[in-house]
Amino acid sequence: ILKLTNSNTIKNILSSNLFYFIVLLVYLILCFYFLSINNENRLFSSTDPQDYIISAEGLLECKNFAYKYDNCLPKSWNTPGYPLFISMHMLIFENYIFFVIFSQLILLLLTAYFSKKIIDLHYPNISKWVFLLVLFNPNSYLTANLIQTETLFTFLLVYFIYLLNVCKNYKEYVLLGFITATCAYVRPAFYYFTLISPFVFFIYAKYFRNINYKKSIYMASISGIISLMLVGLWVNRNYHIFNEPVFVSNSGAYVWDNLIEISRLENDNKKIVEKYNILTKQISEKYPVYGAIQTPMSSKILIIEAKKEFDFSFDLIIKATIKSLTNLYLSGGGANLERLITGEEKSFSKLNKSYMDFTFNFKSLINEILSIHFFPILFSIFIKILSLFGIIFLILKSNFKFIVLTLFPIAYLTPLYGFIGQSRFRVPLEPSFAILATIGIFYIYLILKKYKNVYFN
């Protein structure tokens, strides 16, 4: 019996090693192809790449997070996390864009690894499939080939969740606090979490990991205070420069982007755009040093004025919410694929008219489904369906702790995207969907196995 057990163990190890060897080999071949894509296509495909690149150059030349081409004026629009990541590559490599992408492909690999480690804590037998789904998710992979913050942020977020579940000593608590703050420096949306992090860390340690009361307070205090101190440094920096205690100053413009997106559904967005342009012109005259560049002062004015414009019907808000969630959860990143490979965007918008225009036409829908551009969307739809089965399985097993763990990124980030959901915003949510979808596949397998045993034996 012992020999048979050892033999089975060896076979399982060899089978597992072969699986990872094949997966990594395919990933390597795929990376070779996408790394050969020229930089012009990458910049064309990315969202606001020049802003990140110029900010990175500003860090090096202005020795500050500043507007390089505006006399090194201090910048508060966003945070320096991702520009710092780019500037590190600028210091070492001449063709820094290539190596930024190379680093992001490694980060995606690490994201898949730590996603596997998270599910290993609960369902180790199916963890390799999580590794596979995260690594080859079209949206995540294509975004890793662009100059955008999502890949770095997603890695940090997954590593943060992993640390939250395994940290045991002082050094690991310190690292958890540091990673929490770093998430905010890369994606400012995580700043709000840092404000409540001591409380969340205590609740999670005490009631989810069953750590004793004293040690839970110890963990929450160390991790939470370090996180608050680190983001507080940036708030203090902005306060001394702009006399406003803010982490970033993009809230005002973001609110108007949401207004424009809602009004577009009534074909009334031109009116909102005109008001926004008039408002930014008035702000430029009031603050001539910065002009139209966003600052905490201009952001405050934009938010006040936006409240006056938010006069939409309930039906329109519901429609805008549905469209945003559809874009966020079901868009596949097909446009990025076309842009990266061809350097153009012609076919995607045309072949995905129902999706892009939020309209329904049976004939055009059939053409869309039959096109290769629809594959990323189809993949995304299947993952969401399987995720629902995964949630059902966890509920039936009363594994509510793991539900909270996997749904945290989805529940926290989704409301912050407002009415402008996009496929790139879903990248930090993809590991959660991959974990839930894998559990969903496992659940379906158990159902089919039970059905076979009942009706065929």
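Here is a friendly conversation about the predicted model shown above.

Visitor: How many helices and strands are there in the chain?
Guide: Welcome, and let's begin with the secondary structure of this predicted model. Both kinds of element occur in the chain, and the strands number two. The helices number 22, so the full tally is 22 helices and two strands.

Visitor: What percentage of the residues in the chain are buried?
Guide: A residue is called buried when its relative accessible area is under 20%. The chain has 457 residues to sort in this way. The buried share of them comes to 50%.

Visitor: What share of the area that the chain exposes comes from carbon and sulfur atoms?
Guide: Let's turn to the outside. The chain exposes about 23,200 Å². Of that area, carbon and sulfur atoms supply 66%.

Visitor: Which element gives the largest share of the largest nonpolar core?
Guide: This core holds 100 residues, and those touching the most other members are I86, F160, F190, F247, F402 and I439. As a general background, nonpolar side chains tend to be buried together in soluble globular proteins. The largest share of this core is 13 residues, and they come from α8.

Visitor: Leaving aside neighbours within four places in sequence, which residues is I439 in contact with?
Guide: Contact here means heavy atoms within 4.5 Å. I439 is among the residues that touch the most other members of the largest core, and so is F402. With its neighbours within four places in sequence left aside, I439 is in contact with I119, Y123, I126, G390, F393, L394 and F402.

Visitor: How many residues are in the other core, apart from the largest one?
Guide: Among the members of this other core are I262, I272, A306 and A320. It lies apart from the largest core, and its count is 15 residues.

Visitor: Which elements give two or more residues to the lining of the largest cavity?
Guide: A search of the whole structure finds four cavities of 30 Å³ or more, and the largest has about 80 Å³ of space. Its lining includes L157, L405 and I435. The elements giving two or more residues to this lining are α8 (150-166), α21 (400-413) and α22 (430-456).

Visitor: How many nonpolar, polar and charged residues are in the lining of the second largest cavity?
Guide: This cavity has a volume of about 60 Å³. L108, T111, V134, S140, T151, T154 and V427 line it. Sorted by class, they are three nonpolar, four polar and no charged residues.

Key:
Residues are numbered from 1 along each chain as its sequence is written. This is a predicted model: local features need pLDDT of at least 70, side-chain atom pairs count only at pLDDT 80 or more; totals for chains, interfaces and linings use all residues. Side-chain values use heavy atoms; hydrogens and water are left out. Helices (H or I, at least four residues) and strands (E, at least two) are DSSP runs, numbered from the N terminus. Buried means under 20% relative accessible area, exposed over 50%, partly exposed in between (1.4 Å probe, protein chains only). Accessible areas come from the Shrake-Rupley method with a 1.4 Å probe; for residues, only the protein chains shown count as cover. On a 1 Å grid over the protein atoms alone, a cavity is a set of points where a 1.4 Å probe fits but cannot get out, and a pocket is an open set with protein on both sides within 12 Å along at least five of seven lines; lining residues have an atom within 4 Å of a point. Grid points are joined across faces, edges and corners, and a volume is the space filled by probe spheres set on the points. Ala, Val, Leu, Ile, Met, Phe, Trp, Tyr, Cys and Pro count as nonpolar, Asp, Glu, Lys and Arg as charged, and the others, Gly among them, as polar. A nonpolar core is a set of buried Ala, Val, Leu, Ile, Met, Phe, Trp, Tyr and Cys residues joined through side-chain atoms within 4.5 Å.
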